[in-house]
Amino acid sequence: MLRTSSAFRGISNRSVRIAQFVRNASTKEHDVVVIGGGPGGYVAAIKAAQLGLDTACIEKRGKLGGTCLNVGCIPSKALLNNTHLYHQIKHDSAHRGIEISGDVTVDVAKLQAAKDKAVDGLTSGIEMLFKKNKVTYYKGEGSFIDEHNLKVKALEGEDFEVKAKDIIIATGSEVTPFPGIEIDEERIVSSTGALSLKEVPKRLAIIGGGIIGLEMASVYARLGSEVTIIEFQKAIGASMDGEVAKNIQKILGKQGLKFKLGTKVTKGVREGDVVKIGVEDVKSGKTEDLEADVLLVAIGRRPHTDGLNFEAVGLEKDNKGRLVIDSEYRTNKQNIRVIGDVTFGAMLAHKAEEEGIAAAEYIKKGHGHVNYGNIPSVMYTHPEVAWVGANEEELKAAGIKYKVGKFPFIANSRAKTNLDTDGFVKFLADAETQRVLGVHIIGANAGEMIAEGGLALEYGASTEDIARTCHAHPTLSEAFKEAALGTFDKTINF
Ligand code: FAD
Ligand code: NAI
């Protein structure tokens, strides 16, 4: 046993006390600290502050809004909206009687600048919301010291510590790498690089026919790229209803997108300004070599926990790298909760936001609410694809008896007036009670229309409730009403 003199012990105890005093003096204390300022984190922080909790949010990017605002939802939708406009002016105006004299061209730098303006406006808007709601904003990387104390590696100035009664982890997700393919964000890009290309590639190859793949394919096809999508599965659209996936593939095919389904990528190497890609048909084993000017890797995203030092508090991860939580978003440490992409469920901004609200409410009130059976999905191609609730494959697998009601936009007066008739509304309703089980739409504005389906699901509506609700004429939503009618009666206009 180590023996120390009483005089030495005195000095040593005093220095520990002084060190503690110094640490406490510089440690900032809050009721709630949120790590990550994406849609999950910033919404959780605002809600917690609105509930009267002294709240701080730590964000390492230097800008709030996370993946969604900076390199996800918002920049992709800016490009989708403006390239759609360009495409319409160029290819969809003459037959409407709109004559364009002179060339219609795209200035890629200005297209990007318009996107950046939208992003900047929205990210700085969140800073204002933080001020308005008195959320303290720390710019830096947060990591665990213990279950109540965090270290912040500051983006500017000295590092410091923050203490909190409750902590919410909202560190989001990152691109899933493709083993053996090196992303340089120039010729071999992730979605982040694809959102900021300086010129339109003549040939764009995309690994992954999921939502990112299809949205970015639309952007560049409209700008003139030859786009080839290589998808491992036999269908595109990840978790889309099978019938919807087949139909949107046909529509996108007519827009010029090429698909290689049931195909695996064996190689992707940059050679100068060209990317050499090797592919293999999963069934036949037949191989093929492709070339592209840009290759986009879009095979999904994975939870982001790097730099958190979550091991220091013993938080558990599952086999997909997601932080494990209970039904109140708590980890095995009761004061540490996790929301958004870094934990289970769909990687969607609105899902993260709902969880942010619920987690703050659990902390303050002991109860919160997210209906995981009612999280809408929207793919912002043209036409859009939107869905909520169960799809046919899920209902079949669960052995639930259901009826289908469908109404095509070709028979909808507004769609015909707009000369924009691709797609349909499809309802899935319980065979006995007509309760709405799922709604699936391909069509212009499907992303707005799906909100009515969400409301129907939330209130446990039947398709008859919807079919008996007066919908304005002439609107696309009349197709929604007619599809609901189609589950239990004859449609009127088709
Ligand atoms: P994130 O938005 O990823 O935010 C996490 C934040 O935490 C990041 O800003 C990160 O810098 C920060 N952070 C991480 N670690 C630390 C740390 N240790 N300390 C401090 N800060 C840290 N979803 C939709 O719903 N609609 C769409 O249209 C849509 N489009 C998309 C398009 C693309 C190209 C991509 C990539 C994604 C898209 N998504 C879309 C998905 C959406 O962006 C995510 O689901 C959403 O951003 C998840 O929110 P989050 O708060 O969980 O995480
Ligand atoms: P995803 O999960 O939507 O699609 C990935 C696709 O890649 C799947 O079809 C999968 O089968 C395929 N794939 C996987 N490994 C492959 C391989 N080795 N070779 C070929 N194909 C392979 O993921 P994505 O598109 O990367 O998007 C990530 C997340 O971002 C998604 O969860 C999505 O919800 C979200 N997001 C949402 C948007 C929206 O709501 N509009 C827009 C963009 C992204």
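How do the residues of the lining of the second largest pocket divide into nonpolar, polar and charged? I started there, in what is a predicted model. The count came out as 4 nonpolar, 8 polar and 6 charged.

**Entry 1: second largest pocket**

I looked up the volume of the second largest pocket and got about 450 Å³. Its lining has 18 residues, and H87, D92, Q255, H382 and D422 are the closest to the centre. I then sorted the lining by element: α4, α7 (211-222) and α8 (242-254) each give two or more residues. The most come from α4, which gives 4.

**Entry 2: ligand 1**

I went on to the shell around ligand 1 and found 39 residues in it. G40, E59, T67, K77 and A349 are the closest of these. By class I have 14 nonpolar, 18 polar and 7 charged residues in the shell.

I noted three distances from oxygen atoms of ligand 1. One such atom is 2.9 Å from an N or O atom in the side chain of D341. For M347 the partner is a polar backbone atom, at 3.2 Å from an oxygen atom of the ligand. For C68 the partner is again a polar backbone atom, and the distance is 3.3 Å.

I also checked the cover: ligand 1 on its own has 1,000 Å² of accessible area, and the protein covers 94% of it. The elements giving two or more residues to the shell are α2 (39-50), β2 (55-59), α3 (66-71), α4 (73-91), β3 (136-144) and α9 (349-365). The largest share is from α3, with 4 residues. I see α4 listed both for this shell and for the lining of the second largest pocket.

**Entry 3: database record**

I looked for an annotation. An unreviewed UniProt entry lists residues 30-356 as "domain: FAD/NAD(P)-binding". In the model, the end C-alpha atoms of that span lie 17 Å apart. The span is 31% helix and 27% strand.

**Entry 4: cavities**

I searched the whole structure for cavities of 30 Å³ or more and found 2.

The largest has a volume of about 50 Å³. L79, V108, L111, Q112, L197, E199, V200, V219, Y220 and L223 line it. I counted 8 nonpolar, 1 polar and 1 charged residues in this lining. At least two residues come from each of α5 (108-133) and α7, and α5 has the largest share, 3 residues.

The second largest cavity holds about 40 Å³ of space. I listed V175, S191, I212, V297, A298, I299, G300 and R301 as its lining. By class these are 5 nonpolar, 2 polar and 1 charged.

Note on methods: Residues are numbered from 1 along each chain as its sequence is written. Chains are lettered from A and ligands numbered from 1 in the order in which they are written. This is a predicted model: local features need pLDDT of at least 70, side-chain atom pairs count only at pLDDT 80 or more; totals for chains, interfaces and linings use all residues. Side-chain values use heavy atoms; hydrogens and water are left out. A residue is near a molecule or strand if one of its heavy atoms lies within 4 Å of it. A polar contact is a pair of N or O atoms within 3.5 Å; within protein, one must be able to donate a hydrogen and the other to accept it, and residues adjacent in sequence count only if both atoms are side-chain atoms. Accessible areas come from the Shrake-Rupley method with a 1.4 Å probe; for residues, only the protein chains shown count as cover. Ala, Val, Leu, Ile, Met, Phe, Trp, Tyr, Cys and Pro count as nonpolar, Asp, Glu, Lys and Arg as charged, and the others, Gly among them, as polar. UniProt positions are given in the numbering used here, feature names are shortened, and annotations may be inferred rather than shown by experiment. On a 1 Å grid over the protein atoms alone, a cavity is a set of points where a 1.4 Å probe fits but cannot get out, and a pocket is an open set with protein on both sides within 12 Å along at least five of seven lines; lining residues have an atom within 4 Å of a point. Grid points are joined across faces, edges and corners, and a volume is the space filled by probe spheres set on the points.
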